[in-house]
Every structure is written in structure tokens, then in C-alpha cells.
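Here's a quick briefing to read with the model open beside you. Overall build comes up front, then a handful of residues to click on.

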Amino acid sequence: MSAATQVFSSLAAARLPAQPLHLAIGIFDGVHLGHQAVIESALHSARREGGLAGVLTFDPHPSRLFRPENPVRLIMPVDLKTWFFRSKLGADFVVQEPFTREFAAVAAEDFLPRLRAALPQLHAVYVGENWRYGAGRRGDVASLVRAGHEAGVRVFSAPRINLDGEPISST
């Protein structure tokens, strides 16, 4: 399906076939090697299991909401990032969830059930090992694994990738 990658403006707008979904989640600013490892994990698992692989990313960057006076400078604009997900990595779909005050207020324990409600065929999620989510960034990978176990969604976290002994990071 990657030749006809679908791009959705929100989770609510996502309409996908009834196939198992493997979803990489993150801001993915810059789509550096660490980000690519997360996304490629979803892609490989989906291909191996006959499902679809997609990316859930957020726009604008959360810093625009929480630190408007000093937001993170984007390495890649959202359109270029989406092109990279589609053309270079081969994602089947991309969801560009608006990062609003309402979305930021979603409690960590409600995050995965909310994803599952929007994407009932969600089979697995893929994040970086230091990924945080939910209101106040209270959720971490361990809590996501527990929530996934309860919801029947597998959770995978990619370890940080180092280059010359230093972790690769957008910052």
C-alpha cells in the first residue's frame, strides 16, 4: 500500500482497512536515525505479519503550546517530514494529529484507549525508549506496556542509537 500512502489530518479522520495496524508514534522532528529505527520497526513487523504500517505524529510541536515564547525550532517542516515517511521509509499511512490544549490534557491512562477507539484494528505501537505521553508527560514506556497488555496492543520501544558514543537526538 505504500505507493498510495494515505495522509490523515487527525485520528478522527483516519479511515483504514480492517488489517492489523502497526503504529510508530512520535514528533519525529528531523527523522534522524533513532526516529527511523522506531518507524522501521513498525514497517518490518507489519510486512512480516501482513498488516499496515503507519506513523502518528503531531503538529504543531508541543513546545509551541507550552513555551510559545521559546518554541523548538523545527528541523523539518511537517510536509517534508510526511514526504519522508511516505517516500523514503514507505509508510502505508500517516496521521498528523493536531497538538491542541485538549489533546495535551488527555491523561496518560486514557491515551491508548483513545488510540484504540480511533483505530480499532490497532495491533502494535512503536516508540523510542525515552518517549513520554499524556497530560504532564506522566506516561512512559513502562506504563504504555501495561496499558497495551490490558488493551491487547503490543508495545515496542526502540533503544537510543549512539553515534561516536553520543546519543542521536533532534536537540
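**The chain at a glance**

Buried residues (under 20% relative accessible area; over 50% is exposed and in between is partly exposed, with a 1.4 Å probe and protein chains only) make up 47% of the 171 residues in the chain. Keep in mind that this is a predicted model, where local features need pLDDT of at least 70, side-chain atom pairs count only at pLDDT 80 or more, and totals for chains, interfaces and linings use all residues. Numbering starts from 1 along each chain as its sequence is written, and side-chain values use heavy atoms, with hydrogens and water left out.

**Fold and overall build**

- You'll find 6 helices and 8 strands here; these are DSSP runs numbered from the N terminus, with H or I over at least four residues for helices and E over at least two for strands.
- Reading from the N terminus, the order is β-β-α-β-α-α-β-α-α-β-α-β-β-β.
- The radius of gyration, taken over C-alpha atoms, is 15 Å, which agrees with the value near 16 Å for a compact globule of 171 residues (the rule is 2.2 Å times the number of residues to the power 0.38).
- Along the principal axes, the C-alpha atoms fill a box of roughly 45 × 35 × 30 Å.
- Of the contacts (heavy atoms within 4.5 Å) with a separation of 6 or more, 76% come from residues 24 or more positions apart.

**Surface**

- The accessible surface is about 8,900 Å² by the Shrake-Rupley method with a 1.4 Å probe, and carbon and sulfur atoms account for 53% of that surface.

**Ser10**

- Ser10 sits in the loop between β1 (6-8) and β2 (21-25), and it is buried, with a relative accessible area of 15%.
- A polar atom of the Ser10 side chain lies 3.1 Å from the backbone nitrogen of Ala13.
- Leaving out residues up to four places away in sequence, Ser10 touches Val95, Gln96, Glu97 and Pro98.

**Backbone oddities in loops**

- The peptide bond from Asp59 to Pro60 is cis, with omega near 5°; Pro60 is in the loop between β3 (52-59) and α2 (62-66).
- Phe28 isn't a glycine, yet its phi is positive, near 55°. Look for Phe28 in the loop between β2 and α1 (33-49), where it is buried at a relative accessible area of 4%.
- Arg137 also has a positive phi near 55°. Arg137 belongs to the loop between β5 (122-128) and α6 (141-151), and it is exposed, with a relative accessible area of 55%.

Note on methods:
Polar contact = N/O pair within 3.5 Å; in protein donor to acceptor, adjacent residues only side chain to side chain.
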